[in-house]
Every structure is written in structure tokens, then in C-alpha cells.
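User: I would like a close look at a single part of this model. Please keep the account plain and give the cut-offs for the terms you use.

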Amino acid sequence: MTTITTRCPHCKALNRLPSERINDEASCGSCKEKLFDGMPIEGTSDNFSTLLESDKPVVVDFWAPWCNPCVGFAPIFSDVSKERDGEARFVKIDTEDQQALAAQYRIRSIPTIMVFKGGKMVDMLNGALPKSHFDQWLNEALTK
């Protein structure tokens with residue numbers, strides 16, 4: 001049985017989850033909140049490939065804490081992830097902490113937003129957008 005480790009978006013505790021339960025309604029072992037409830041999930045080299053196997057589209061924000069546009073876009077990404085709970089999984093990957101993932105996906109500018117379906121990238125956006133423009137882009141990307 002393979003497992004992934006994911007950080008709870010509520011209390012930040014690490015949780016180990018069997019890979020075959022990635023599509024279930026898993027709860028945090030510490031705070032008992034849902035692990036996949038519309039809040040962005042922290043993507044790491046340990047859990048990202050399993051997250052891409054989700055039966056839902058996966059929207060990924062490659063960002064860095066020193067990047068002002070990334071920091072400004074973060075609340076927009078979080079708001080949209082809450083509004084679209086159940087429609088897609090939202091993942092944030094810190095390119096400073098996850099340099100191997102940034103290199104694997106050839107991230108050259110941040111923020112970079114990618115949409116995956118069935119483990120394959122279907123669309124990509126470089127740069128931060130206002131919420132209305134991000135919503136419009138995401139609507140188009142999710143229909144691909």
C-alpha cells in the first residue's frame with residue numbers, strides 16, 4: 001500500500017493517507033477537519049503525482065514567498081478554490097521548497113498556474129490576474 005503525506009490546510013498538521021483514498025473525504029488526524037475541502041493543498045514532491053491522479057481537475061499555483069505578485073494573488077487563488085469546492089482540486093507549490101517540482105515542470109516565471117486533467121496539463125497561465133479574469137480563464141481551462 002502506497003501513501004502520500006499531505007498537510008492539513010486548517011491546522012498544518014501532516015497526515016499520511018493511502019493513495020487509493022485520494023478521492024475520498026479524508027479528515028485530519030489532529031483537528032478532524034476535511035483535508036480536501038476547497039482550501040488549497042500544499043503540493044510536495046511526495047504527494048504531487050498522487051494528487052494529479054485525482055478524479056477531479058487539478059489547478060496548481062507555482063509560487064514563492066518572496067514574489068510580490070504571488071503573495072498578492074494568493075487570496076484570489078484561495079477564494080476561487082473555496083468557491084469551486086468539488087469542481088477541482090487546488091494545489092499550491094512553493095518553488096523555493098520544491099525546487100525539483102519547479103524544474104520538472106520548467107517553471108521560469110512565477111506565479112505560474114497550470115490545470116491538469118487525468119494527470120496531463122491542459123492549460124497554463126503565467127502571471128497574476130484579477131479574480132474576474134482568473135475565473136474567466138479557469139472556466140475555459142476546465143472545459144478543455
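Which element gives the most to the lining of the largest pocket, and with how many residues?

Analyst: β5 gives the most, with 3 residues. This is a predicted model, in which local features need pLDDT of at least 70 and side-chain atom pairs count only at pLDDT 80 or more, while totals for chains, interfaces and linings use all residues. Residues are numbered from 1 along each chain as its sequence is written, and side-chain values use heavy atoms, with hydrogens and water left out.

The largest pocket holds about 320 Å³ of space. A pocket here is an open set of points on a 1 Å grid over the protein atoms alone, where a 1.4 Å probe fits, with protein on both sides within 12 Å along at least five of seven lines; lining residues have an atom within 4 Å of a point. The volume is the space filled by probe spheres set on the points, which are joined across faces, edges and corners. Of the 17 lining residues, Lys-12, Pro-40, Ile-41, Glu-42 and Lys-92 are the closest to the centre of this pocket. Two or more residues of the lining come from each of β3 (41–42), α2 and β5. Helices (H or I, at least four residues) and strands (E, at least two) are DSSP runs, numbered from the N terminus.

β5 (89–94) also gives two or more residues to the largest nonpolar core, as do α1 (48–52), β4 (58–63), α3 (99–104) and β6 (112–117). Such a core is a set of buried Ala, Val, Leu, Ile, Met, Phe, Trp, Tyr and Cys residues joined through side-chain atoms within 4.5 Å; buried means under 20% relative accessible area, exposed over 50%, and partly exposed in between (1.4 Å probe, protein chains only). Val-91 and Ile-93 are among the members of this 27-residue core that touch the most others, along with Phe-36, Phe-48, Val-60 and Phe-116. Not counting residues up to four places away in sequence, Phe-48 touches Val-91 and Ile-93, and also Val-60, Leu-101, Tyr-105 and Phe-116; contact means heavy atoms within 4.5 Å.

β5 is also one of the elements against which the buried residues of α4 pack, the others being β4, α2 (68–83), β6 and β7 (120–126). Those buried residues are Phe-134, Asp-135, Trp-137, Leu-138, Ala-141 and Leu-142. They lie on the same side of α4 because they cover an arc of only 165° around the axis, taken from the directions from the helix axis to the C-beta atoms.
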